[in-house]
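User: I would like to learn how to read the overall form and the strand pairing of a protein model. Could you take me through it step by step?

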Amino acid sequence: MDMSERKVRVRFAPSPTGPLHIGGVRTALYNYLFAKQHGGDLIFRIEDTDSTRFVPGAEEYIIESFKWLGIPFDEGVSFGGDHGPYRQSERRDIYRKYVQVLLERDKAYIAFDTPEELDAKRQAVENFQYDAQTRGQMRNSLTLSKEEVDALLAAGTPYVVRFKIEPGRDVVVDDIIRGEVVINSSILDDKVLYKSADDLPTYHLANIVDDHLMEVTHVIRGEEWLPSAPLHVLLYEAFGWADTMPRFAHLPLLLKPIGNGKLSKRDGDKLGFPVFPLEWHDPKTGAVSSGYREKGYLPGAVINFLALLGWNPGNDQEVLSLEEMVKLFDLSKCSKNGAKFDYVKAAWFNHQYLLQQPDAAWCPAFDKVLREAGIEATPEQEEAVVRMMKLKVIEYVDGLGNKKKRNISFASDLWPLTKFFFVAPTEFDRENDKFVRKNWKEGTAAEMQQMLTLIEGIDDFSVEGQKAVIDAWSEQTGIKPWNAWRVALVGTGQGPDMYELSAFLGKDEVMSRMKFAIETLK
């Protein structure tokens, strides 16, 4: 069948062996972008054929990660669909049928070699490989008589089914990113496709059968799977499915920020950034690994950051919505080379996405920060602080007239910049703080005392009510109280418009802070 006539269907198929690595998130994202760009479907399949590596809670963790990230699946485990079951451990009957097909076509054979026998062979033969040259020396259905094989099977002897690879053939893998990749079959070994011990197939057989039956048109996966691609091509041919073989695209690796090699959890632990989307609690060791969600990253920022690790939209635009990514995405424009994981750039993306949020959207994360500092505030107070902070704290002019910009990347960065909204200053660093030293001089305490008396008589303590009284007083007396007032209320040269800050604090708190400053600094 012409591939152009088939509906695009891709799959993301993780194993429930632990937390989802950030590299896996990128693979799922690229599958999603490709599927949506072509009006296709994204399938979520669980590869749990290796029962010895199963980790409780891993599957649920993976599903929750994608819900948080905002990458939706069209069908699969927990999503439903017409091609299930989507969990490989529930497809035993299907795989048995196709194992038998390969045996009947002489494309596979049964091997009874014990682990001890295989180890002995590896010890005796350097670089031993179970293939066309060595299979005749082993205990399998190619060297044993039919009667011997039947007797072993009847006795319940454990066995595996191996793929029978014929040597001397150039196998061509048509890769969207890497072009034609040619591997000679002589270097491939007779991979195990099925194990009788747990009545389950290995990754190689299960994936081919599932991809075919689920009508997958494109397999987009990490570069680490490229060596297995020739085997998968041969399996498709062995089943007679060559005309529906999916096109492959092997993505570049995510590399360490410093040094060479693949990005690992150790790199994140060493440099202080997460490599998992959500916090992970290891059920075996109890160890806790940090997650992007818990670190304060916004899901859109994580998605945007990952999308540009190995792919370039072809323009200078960096901040892209998911819809824009879908429109611009091109698998053929993905790099063949690994992408350095720039965790500093990840924080930059989070900064951009924080600034795009409406004020109210900051509040849940900001509320958590406040509670950790022992502060309880109303949602209205939190939103007011965020609004003032975005206007005057992120981008602001300091008391010396210098234009400055604070790089707030996370909600947790707000606390040191907004603490004065909730906690009165307890000291004033006249010696080291130029703003305090410049704006609180001899005579300032007396001016602040006049202003304190004035404030005591203000009944309407709104921004407008204060402004009307204090501006008139300033014009009449010639006193410019703003910077000294900031010292009294904040303790240093930061903060929003003074009338807004004062209205937020309330008359009693403003007077209390002014009295403390007058007494301390006079």
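Analyst: What follows goes from the whole chain to one sheet. This is a predicted model, in which local features need pLDDT of at least 70 and side-chain atom pairs count only at pLDDT 80 or more, while totals for chains, interfaces and linings use all residues. Residues are numbered from 1 along each chain as its sequence is written, and side-chain values use heavy atoms, with hydrogens and water left out.

User: How many helices and strands does the protein have?

Analyst: Helices (H or I, at least four residues) and strands (E, at least two) are DSSP runs numbered from the N terminus; here there are 21 helices and 17 strands. The radius of gyration, taken over C-alpha atoms, is set against a globule rule of 2.2 Å times the number of residues to the power 0.38. For 522 residues that rule gives 24 Å, and the protein has 33 Å, well over it, so it is more spread out than a compact globule. Its C-alpha atoms fill a box of roughly 110 × 45 × 40 Å along the principal axes.

User: What share of the residues is buried?

Analyst: Buried means under 20% relative accessible area with a 1.4 Å probe, counting protein chains only, and such residues make up 50% of the 522.

User: Which strands form the edges of the open sheet?

Analyst: Two strands pair if DSSP finds at least two bridges between them. The open sheet has 3 strands in the order S1-S2-S3, with parallel pairing, and its edge strands, S1 (9-12) and S3 (75-76), each pair on one side only. S1 and S2 (residues 41-44) pair over 4 bridges, and Arg9 has Asp41 in S2 as its bridge partner.
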